[in-house]
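This report describes a protein chain through its strands, its surface and a few chosen residues. The sequence and the structure are shown first, and the description follows.

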Amino acid sequence: MQKRQVKMLSAVLVLVMLALLAMPAAAMAEDGIAPHFTYIVDSEATMNISGTSATVDAWVCGDLVYATKAKIIVELQVKNGNDWIPVAIWTDTKDGLKAHVFETKSVVKGHTYRVKATGTIWEGSQSETVTFYTEEDVA
């Protein structure tokens with residue numbers, strides 16, 4: 001009976017360790033490095049293409065304790081060969097925790113688009129910046 005309990009406990013511990021090891025992978029960037037921020041709590045960008053219209057929604061959120069100012073610069077980009085060319089750029093700057101852009105732009109059928117967003121959170125004169133992208137989508 002005791003050997004069975006030890007085996008069961010060992011199996012549970014292995015599963016817990018695997019789960020803990022897998023969690024940082026979800027937050028890692030393409031280069032495999034997971035950033036650690038003090039001022040930035042969360043950020044997200046989405047793009048929805050419907051017909052010839054792209055709806056862009058992007059935001060950055062700062063820590064309640066530290067953040068004094070937030071800024072986000074959002075680019076809707078179109079693919080041209082191996083390059084990404086901005087077709088629209090929007091910016092929001094706010095005193096406080098969160099900056100947010102929600103915009104719609106006409107797109108051309110058959111072209112590939114993505115969103116690049118750069119968010120910055122300040123605490124006084126100190127700041128942190130994160131750049132993130134949506135997946136590519138074809139209009």
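## Burial and overall make-up

A residue is called buried when its relative accessible area is under 20%, exposed when that value is over 50%, and partly exposed in between. The model discussed here is predicted, and by this criterion buried residues make up 30% of the 139 residues in the protein.

The protein contains one helix and eight strands, and their order along the sequence is α-β-β-β-β-β-β-β-β.

## The open sheet

An open sheet is formed by three strands, which are arranged in the order β1-β2-β5 and pair in the antiparallel sense. Because β1 (40–50) and β5 (98–106) each have a single partner strand, they stand at the edges of the sheet, and one side of each is left without a neighbour there. Neighbouring strands of this sheet are turned against each other by 5° on average, with direction ignored.

In general, the strands of a sheet pair through backbone hydrogen bonds, in either a parallel or an antiparallel manner. Here the antiparallel pairing of β1 with strand β2, which covers residues 53–62, extends over ten bridges, and Met47 stands opposite Val56 in β2.

## Asp92 and its contacts

Asp92 belongs to strand β4, which covers residues 83–95. With a relative accessible area of 13%, Asp92 falls under the 20% limit and is therefore buried.

Two contacts of the Asp92 side chain can be described. One is a polar contact with the side chain of Lys94, at 3.2 Å, and in the other the Asp92 side chain reaches the backbone nitrogen of His100 at 2.8 Å.

## Ser43 and His100

His100 also enters a comparison of positions along the chain and in space: Ser43 and His100 are 57 residues apart along the chain, while their C-alpha atoms are separated by 9.7 Å. Ser43 is located in strand β1, and because its relative accessibility is 24%, which lies between the limits of 20% and 50%, Ser43 counts as partly exposed.

## A nonpolar surface patch

Leu64, Val65, Tyr66 and Leu97 together make a nonpolar patch of about 410 Å² on the surface. One of these residues, Val65, is found in the loop between β2 and β3 (69–80), and since its relative accessibility of 69% is over the 50% limit, Val65 counts as exposed.

Key:
Residues are numbered from 1 along each chain as its sequence is written. This is a predicted model: local features need pLDDT of at least 70, side-chain atom pairs count only at pLDDT 80 or more; totals for chains, interfaces and linings use all residues. Side-chain values use heavy atoms; hydrogens and water are left out. Two strands pair if DSSP finds at least two bridges between them. Helices (H or I, at least four residues) and strands (E, at least two) are DSSP runs, numbered from the N terminus. Axes are lines fitted to C-alpha atoms, for helices over the stretch in contact, and angles run from 0 to 180 degrees between N-to-C directions. Patches are made of residues with over 30% relative accessible area and no salt bridge: like charges are joined within 9 Å, nonpolar side chains (Val, Leu, Ile, Met, Phe, Trp, Tyr) within 5 Å. Accessible areas come from the Shrake-Rupley method with a 1.4 Å probe; for residues, only the protein chains shown count as cover. A salt bridge is a side-chain nitrogen of Lys or Arg within 4 Å of a carboxyl oxygen of Asp or Glu. Buried means under 20% relative accessible area, exposed over 50%, partly exposed in between (1.4 Å probe, protein chains only). A polar contact is a pair of N or O atoms within 3.5 Å; within protein, one must be able to donate a hydrogen and the other to accept it, and residues adjacent in sequence count only if both atoms are side-chain atoms.
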